Amino acid sequence: MPATSRIPLDDLRADCSRCFGLCCVVLPFTRSSDFALTKAAGQPCPNLAADHRCGIHARLKDKGFTGCTVYECLGAGQKLSQHTFGGRDWRAHPELRPLMTEVYPRMRHLHELLWHLHHAAALPGAAPVRGRIERMLTELDDLTRQDAGTLLQADLPALHAAAADLLRTAGRLERRRHNPKPRDHQRADLTGRDLRGADLKAADLRGALLIGADLTRADLRHADLLGADLRATVLDGADLSSALFLTQPQLNAARGDTATRIPTDLTRPSHWTP
Ligand code: SF4
């Protein structure tokens, strides 16, 4: 799988030790159940310590910052810190902060597309479009290594549309290998639904709202979960071991237990119950 070996997965996971706490600076918050304060984009969070680490990391939930426990930059933070801005941090170079604030969401977007394309390239069913996926991976990976000005000028909506088309096709081809008549819940509002033990094998759940839904012991193998909203979704004992296009922030937002089966390249959230 040449495409999957070209971009190490670790480059698409947050490495806070190589980042200048960018997500804690560039992202805006609104005071809510997820954030205990309101801050504007580009304004450093008052909890951010001088070493660019969170000063309340071990007490985020107790302090009302649940939203921070869910977020994951997918490697965009360290790419910007070390590559785009060449190790120049926003404290020593405050003049760079507005540019960092502008570029960060674009890098995060590109890294999310890279994560999904990386996995799409590895799907056996995606063979008919693998060449296109690999070319797109190369194009986007090269773009993330350009300077800030080039990143700002890139036509992100067009790139997103092209990548989304490939992911949709790869997902459909792969799902058909496992279930000729999979359930179609694309963009369905399944908020709060009782789906305990549901057979959702190879289902299309792209963009579905599963907020607070109970998917205890559900079969989600090969289901396409791209963009599905899994906030407070109960995944106890569910099988997501081969779910398609699942990300760490989605898992972080859900609830699960030790019986929940997850893809090997994702991490079981520490807040899940034993
Ligand atoms: S509370 Fe901590 S993790 Fe959340 S934005 Fe502030 S410094 Fe970052």
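Which residues does His119 touch, not counting residues up to four places away in sequence? They are Leu9 and Asp265. This is a predicted model.

**His119 and helix H5**

His119 belongs to helix H5, which covers residues 97-121. Its contacts with Leu9 and Asp265 leave aside residues up to four places away in sequence. Asn252 is another residue to look for. It sits 133 residues from His119 along the chain. The C-alpha atoms of His119 and Asn252 are 19 Å apart.

**The ligand shell**

Turn now to the ligand. Its surroundings include four cysteines: Cys24, Cys45, Cys54 and Cys68. Phe29 and Phe65 are there too. Leu48, Ile56 and Leu60 also take part, and so does Asn47. By type, the shell holds nine nonpolar residues, one polar residue and no charged ones. Asn47 is the polar one, because Asn is not on the nonpolar or charged list.

**An aromatic pair**

Phe29, part of the ligand shell, also has an aromatic partner. The whole structure contains one aromatic pair. It joins Phe29 and Phe35. A pair of aromatic rings is described by two things: the distance of the centres and the angle of the planes. Here the centres are 4.1 Å apart and the planes meet at 5°. Planes under 30 degrees apart count as stacked, so this pair is stacked.

**Buried residues**

Four residues can be set side by side. Each one counts as buried because its relative accessible area is under 20%.

| Residue | Relative accessible area | Class |
|---|---|---|
| Thr144 | 0% | buried |
| Cys45 | 9% | buried |
| Phe29 | 9% | buried |
| Phe35 | 17% | buried |

Cys45 and Phe29 are both in the ligand shell.

**Thr144 and its contacts**

Where does Thr144 lie? It is in helix H6, residues 130-144. Thr144 has a relative accessible area of 0%, so it is buried. Its side chain makes a polar contact with the side chain of Lys79, at 2.8 Å. Lys79 also appears among the wider contacts of Thr144, counted without neighbours within four places in sequence. His83, Thr84 and Met107 are on that list. So are Leu110, His111, Leu114 and Leu151.

**Cysteines without disulfides**

How many disulfides does a search of the whole structure find? The count is zero. Take Cys16 as an example. The nearest cysteine sulfur belongs to Cys23, 6.4 Å away. A disulfide needs two cysteine sulfur atoms within 2.5 Å, so Cys16 is in none.

Methods:
Residues numbered from 1 in each chain as written. Predicted model: local features only at pLDDT ≥ 70, side-chain atom pairs only at ≥ 80, totals over all residues. Heavy atoms only, no water. Near = heavy atom within 4 Å. Helix = DSSP H or I, 4+ residues; strand = E, 2+ residues; numbered from the N terminus. Buried < 20%, exposed > 50% of the residue type's maximum accessible area, 1.4 Å probe, protein only. Polar contact = N/O pair within 3.5 Å; in protein donor to acceptor, adjacent residues only side chain to side chain. Contact = heavy atoms within 4.5 Å. Phe/Tyr/Trp six-rings, centres within 6.5 Å; stacked < 30°, edge-to-face > 60°.
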